[in-house]
Amino acid sequence: MLEYRNIQTQLNSVARVVACELERVEDSLCYLESLTKKLLHEAEPDAGSIDAWLRDQGFAVGEDGFFLSIPQLRQFREGRLAEETVSYSWPSDRTDDPDARLRLYRHRNIACILRTLHARLPGAAWIYYQDVTNTALQYPYIDQITAIPPDFDWSAYHTYLSVAPDANPAREIRWSAPHADYAGQGLIVAASIPVYVRDVFTGLWSIDVKVDSMVRSEVLASSYKTQYTCIVEKGGRLISGSDGMTTRPLARGEVALVDFRDAHPAFSAVDLEAGFRAGHGYRTVEAKGESFQVHWSKIGTTDWMCVAAIAAGDLTSTAKRVLQNAFKRLGKGFDDLLIEVDDFPEEMLELARAYNDTAVKLKRAHTRLLRKNAELEREKRRAEAANRAKSIFLANMSHELRTPLNGIMGMHQLLKTTPLDREQEEYIDLAMESARRLTGLLGDILDLTRIEAGKFNIVRKRFEVAELMRSVEQLFGLPCRQKGLDLELNVDSGVPRVLVGDALRLSQVIHNLVGNAVKFTDRGGIRLEVSALPSDSPDVAWVLFSVTDTGIGIARDKVRELFEAFTQGDEGLSRSHQGAGLGLAIVRRLVDLMGGEMEIESEPGLGASFRFRLPFGRRGDGADEPVAASPRPSPAPGPRAVLLVEDDAVNRMAVRTLLEKAGYRAVAAANGEEALRELGSGYYDLILMDIQMPVMDGVEATRAIRAGRAGADKRAIPIIALTAYAMAGDREAFIAAGIDDYLAKPVEADRLMAVIDELLAR
């Protein structure tokens, strides 16, 4: 029913809002914990530097009994203290403790970080570090005498006790029960993470979060008068409720222990532990002579859950209306007769099921009167329309994704040309690798779409088997060595040295299989074997390719579905290997398109063997002549002028800067019309032309240039399409329009410069 769905939608929304807040707090704690570990690992400064810092900051024992910066305390009380100031303190009886001095000295420059995190967490009251030496630092600045008594012992505070080694051997983030804040911020919950340095418990970071900011009453509010909504933790303690938490006044630091069963009569019949196991759901309960619906939804990966109770009578109005409308449709003979019964109240469930039984019988009688061919024709039209819509969608998404990807990769390639330390260079390499993976995924999706649409053409050209094997060694040799795996490549002497077939698609199949073998193998090795098979025709060479690994293997019941799109043998939230599950689906379809067959042998834990056989044409005359390799032209000497036509500002900046760093004189235009004007007033050796642009697109601009609109002397200028269009047939359409070469976004700098050099060298 609509009411049921509304309640579940509300609970799920609350759960997502709260989970987002909790995750941001936990992410901030993890960052602070790693930062402190790094700071405490640094080389120990001399005692003089620490003493000088304490003197400069004006550290002394204040009237509140803490060793702290007296000038900062004075400025704070006078309202003159800078907003980003952090309060550092420890008890006066440990003024000369060398560990306390050292640890706070190492955190002396953390103010800007804490200020940023505090602004990022709107519900945060305090962010503080607590050390086993009984030292502490807090942000925002805190006046000790108004907030914390002089005899306060950090090591006895509940946040400290919750993450101490005995209470938290797993070293996890722990959330406290609601309690009154020492500094007067009201009811708060605290998240704490332990800090271990060289496996020794050193202290903790905590973030106090105001409950009314994290779980606002308006978020929990409902349009039903009888509904009560609350947040409860796994032990049964109430975190927050839609009518506020009714509790006696709390002393500073005192825990608010309110059992959620006391918040509403219906909760006394709720099995909280079972609710956490189920994650979400609802049930009907009886309490004080009334029926209630209790709904619940777990909040992310936390030990908190959103629970709501509502009188069952408030939820029957829609059920009655649905049944009334259903009977009206039944009398008129409408096709859509069935109703959803899962959310019906229990007292109306039997009536709803009885109605559905009658509707099903009528529907079956009506269905037998329909002609089979008409139904098949409708299904065919739907499938064709869906396939067309999918192709259009994928083409548009490919373009829209490739354009920002090109900007991302371009900017990272520009960063690579600037002075970088090793850590920064590693970060850029990882970002580039992620962009390449996303580009590969786009290519896989487009390949699968082309195959399914019947637009994937197999090209037959001469190629050398040895070159194919070299590409495998170049691509996978290093990853295998990094994992300690043996990579064995064997070509049977009976295999012709030169074959006729689609070398690109064959490489795609082999690279997919070998790549999977490397991904799923942690010890042993991978073997690629190429063997000759008997053939009935002298013009056809049958070749067997086998990729065998010693990896995790595949269960027999998974083999059949393994070649389906978006399917992996290692699935679920805890799967250990990345990927979209497209590679093997494309492999199988490519092997089929090339006229081959494929089979698998595998046992879990013992590895897998993928074998496929393909027919190839044999080479012509000149059996011992090698396949001619295309010579790589050398770049033309001296600076050349390149006109970049690109409407996206980020791509325009990235490509132009790459060209300038490569020694070219680069000028940019935002569309085809600007490009024509620029060509008419200057000389350029080459044009990089985007295709989809406002005012005048790249194809129209190319035709105008070839027609002489930019000048008769500019008709033959080399033009390279640098575009996000990468679907089948795009390249041919651009070449037909007069474009000399084509590069699909995102493009890497080396490839771009190679194509430019090649065209300029002609």
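In which strand is the place of Asp 208? The views that follow come from a predicted model, and the first of them takes up this residue.

**View 1. Asp 208 and its surroundings in strand S9.** Asp 208 has its place in strand S9, which covers residues 200-210. With a relative accessible area of 3%, Asp 208 falls under the 20% limit that defines a buried residue, so the label "buried" applies to this side chain and backbone taken together as one residue. Leaving aside the neighbours within four places in sequence, the residues in contact with Asp 208 include Gly 123, Ala 124, Ala 125, Trp 126 and Tyr 128, and also Asp 181, Ile 188, Val 189 and Ala 190. One of these contacts, Gly 123, is 85 residues from Asp 208 in sequence, although the two C-alpha atoms are 8.5 Å apart in space.

**View 2. Strand S8 and the strands that pair with it.** Strand S8 runs over residues 187-197 and is mostly covered, with 10 of its 11 residues buried. S8 is joined to S9 by 10 bridges, and the two strands run antiparallel; within this pairing, Ile 188 stands opposite Lys 210 of S9. The two strands form a hairpin with two residues between them, and in the turn Arg 198 has a positive phi of about 55°. S8 also pairs in the antiparallel sense with strand S6 (residues 174-175) over two bridges, where Arg 174 stands opposite Ser 192 of S8. Strand S7 (residues 179-180) likewise pairs with S8 in the antiparallel sense over two bridges, and here His 179 stands opposite Ile 188.

**View 3. An open sheet of five strands.** The strands of this sheet follow the order S11-S10-S14-S13-S12, and their pairing is antiparallel. S11 and strand S12 (280-287) are the edge strands, each of them pairing on one side only. From one strand to the next, the twist averages 25°. Inside the sheet, strand S13 (residues 290-298) and strand S14 (residues 304-311) pair over seven bridges in the antiparallel sense, and Met 305 in S14 is the bridge partner of Lys 298.

**View 4. The hairpin of strands S10 and S11.** Strand S10 (residues 228-233) pairs with strand S11 (residues 238-241) over three bridges, in the antiparallel sense. Ile 231 stands opposite Ser 240, which belongs to S11. Four residues lie between the two strands of this hairpin, and Gly 236, in the turn, has a positive phi of about 100°.

**View 5. Helix H19, with its start, its buried face and its end.** Helix H19 consists of 13 residues, 649-661, which at 1.5 Å a residue should span 18 Å, and the C-alpha atoms at its ends are indeed 18 Å apart, so the expected and computed values agree. The buried residues of H19 are Asn 651, Ala 654, Val 655, Leu 658 and Leu 659. Seen down the helix axis, these buried residues fall within an arc of 130°, and therefore they line one face of H19. An α-helix has 3.6 residues a turn, which means that residues three or four places apart point the same way. At the start of H19, Asp 648 brings a side-chain oxygen to within 3.2 Å of the backbone nitrogen of Val 650. Just after the helix, Gly 663 takes a positive phi of about 100°.

Methods: Residues are numbered from 1 along each chain as its sequence is written. This is a predicted model: local features need pLDDT of at least 70, side-chain atom pairs count only at pLDDT 80 or more; totals for chains, interfaces and linings use all residues. Side-chain values use heavy atoms; hydrogens and water are left out. The expected span of a helix is 1.5 Å times one less than its number of residues. Buried means under 20% relative accessible area, exposed over 50%, partly exposed in between (1.4 Å probe, protein chains only). The arc is that of the directions from the helix axis to the C-beta atoms. A polar contact is a pair of N or O atoms within 3.5 Å; within protein, one must be able to donate a hydrogen and the other to accept it, and residues adjacent in sequence count only if both atoms are side-chain atoms. Two strands pair if DSSP finds at least two bridges between them. Axes are lines fitted to C-alpha atoms, for helices over the stretch in contact, and angles run from 0 to 180 degrees between N-to-C directions. Contact means heavy atoms within 4.5 Å.
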